[in-house]
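Colleague: Please take me through this one as a tutorial. For each feature, I would like the general idea and then the case at hand.

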Amino acid sequence: MSIVSEVFSWWGGTTWSNRIYTALRGIKVGEDDFGNCYYVQSKGVGPLGQPRRWVIYRDLAEASQVPAEWHGWLHYTTDTPPVDDGYQPKPWQKPHQANHTGTPQAWRPPGSILTPQSRPKATGDYTPWTPK
């Protein structure tokens, strides 16, 4: 990330103010497989009566990059972070993927104008409405 984008854009990841706040008031709790780092407030409590929790994204600041186990910790659903809990995904769970909307990996249904396939032909049971 360039220094210019770090100074002027909040959506490109972390900014200088985030770095300073995290260095002064944060304790690193853990890191996920995508390189996102998770922090908890070092002293005092936040507005909910508990220490604040936050994430510093590795790349783009996109909330869908947070895996389910860390999402639960960030939102106070669980008290122990997944690294301390010894979290192991269930055998039926798929690996976490961020939201692909707007990317080439986005799901496009059959018949969409963005897919290379052509639309299936009408079956003949459709009659268009005509005003009388």
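Colleague: Let me start with a side chain. Does Trp54 count as buried or exposed?

Modeller: The scale comes before the residue: buried means under 20% relative accessible area, exposed means over 50%, and partly exposed lies in between, with a 1.4 Å probe and protein chains only. Trp54 comes to 14% relative accessibility, so this residue counts as buried. Keep in mind that this is a predicted model, where local features need pLDDT of at least 70 and side-chain atom pairs count only at pLDDT 80 or more, while totals for chains, interfaces and linings use all residues. Residues are numbered from 1 along each chain as its sequence is written, and side-chain values use heavy atoms, with hydrogens and water left out.

Colleague: Which rings join Trp54 in an aromatic cluster?

Modeller: A pair of aromatic rings is described by the distance of the centres and the angle of the planes. Here, rings of Phe, Tyr and Trp (its six-membered ring) pair if their centres lie within 6.5 Å; planes under 30 degrees apart count as stacked, over 60 as edge-to-face and the rest as tilted. The structure holds 4 such pairs. In one of them, Tyr39 and Trp54 have ring centres 6.0 Å apart and planes at 20 degrees, so the pair is stacked. Tyr39 lies in strand S2 and Trp54 in strand S3, 15 residues apart, so to speak a link between distant parts of the chain. Tyr39 counts as buried too, because its relative accessibility is 15%. The cluster consists of Tyr21, Tyr39 and Trp54.

Colleague: You mentioned strands. In what order do the 3 strands form the sheet?

Modeller: Strands of a sheet pair through backbone hydrogen bonds, either parallel or antiparallel. Helices (H or I, at least four residues) and strands (E, at least two) are DSSP runs, numbered from the N terminus, and two strands pair if DSSP finds at least two bridges between them. The open sheet in this chain has the order S1-S2-S3, with antiparallel pairing. S1 (26-31) and S3 (53-56) are the edge strands, each pairing on one side only. The twist from one strand to the next averages 30 degrees, with axes as lines fitted to C-alpha atoms (for helices over the stretch in contact) and angles running from 0 to 180 degrees between N-to-C directions.

Colleague: How many bridges hold S1 and S2 in register?

Modeller: S1 and S2 (residues 37-41) pair over 5 bridges. At one of these positions Gly26 has Gln41 in S2 as its bridge partner, and Glu31 stands opposite Cys37 in S2. The hairpin has 5 residues between the strands, and there Gly35 takes a positive phi near 95 degrees.

Colleague: And Val40: which residues is it in contact with?

Modeller: Contact means heavy atoms within 4.5 Å. Val40 is found in strand S2, and its 19% relative accessibility means that it counts as buried. Leaving aside neighbours within four places in sequence, its contacts include Gly26, Ile27, Val29, Trp54 and Trp73. Arg25 is also among them; the C-alpha atoms of Val40 and Arg25 are 8.2 Å apart, with their positions 15 residues apart along the chain.

Colleague: Now the charges. Which residue forms a salt bridge with Glu31?

Modeller: A salt bridge is a side-chain nitrogen of Lys or Arg within 4 Å of a carboxyl oxygen of Asp or Glu. The whole structure has 2. Glu31 bridges to Lys28, with the closest N and O atoms 3.2 Å apart. Glu31 is partly exposed at 41%, and Lys28 is partly exposed at 45%. Asp59 forms a salt bridge with Arg58, where the closest N and O atoms are 2.6 Å apart. Asp59 is partly exposed at 39%, whereas Arg58 is exposed at 51%.

Colleague: Where is Tyr76 found?

Modeller: Tyr76 sits in the loop between helix H3 (68-74) and helix H4 (82-85). Its phi is positive, about 60 degrees, although Tyr76 is not a glycine. Its relative accessible area is 24%, so Tyr76 is partly exposed.

Colleague: To finish, how many helices and strands does the chain have?

Modeller: The chain has 4 helices and 3 strands, running α-α-β-β-β-α-α from the N terminus. Of its 132 residues, 26% count as buried.
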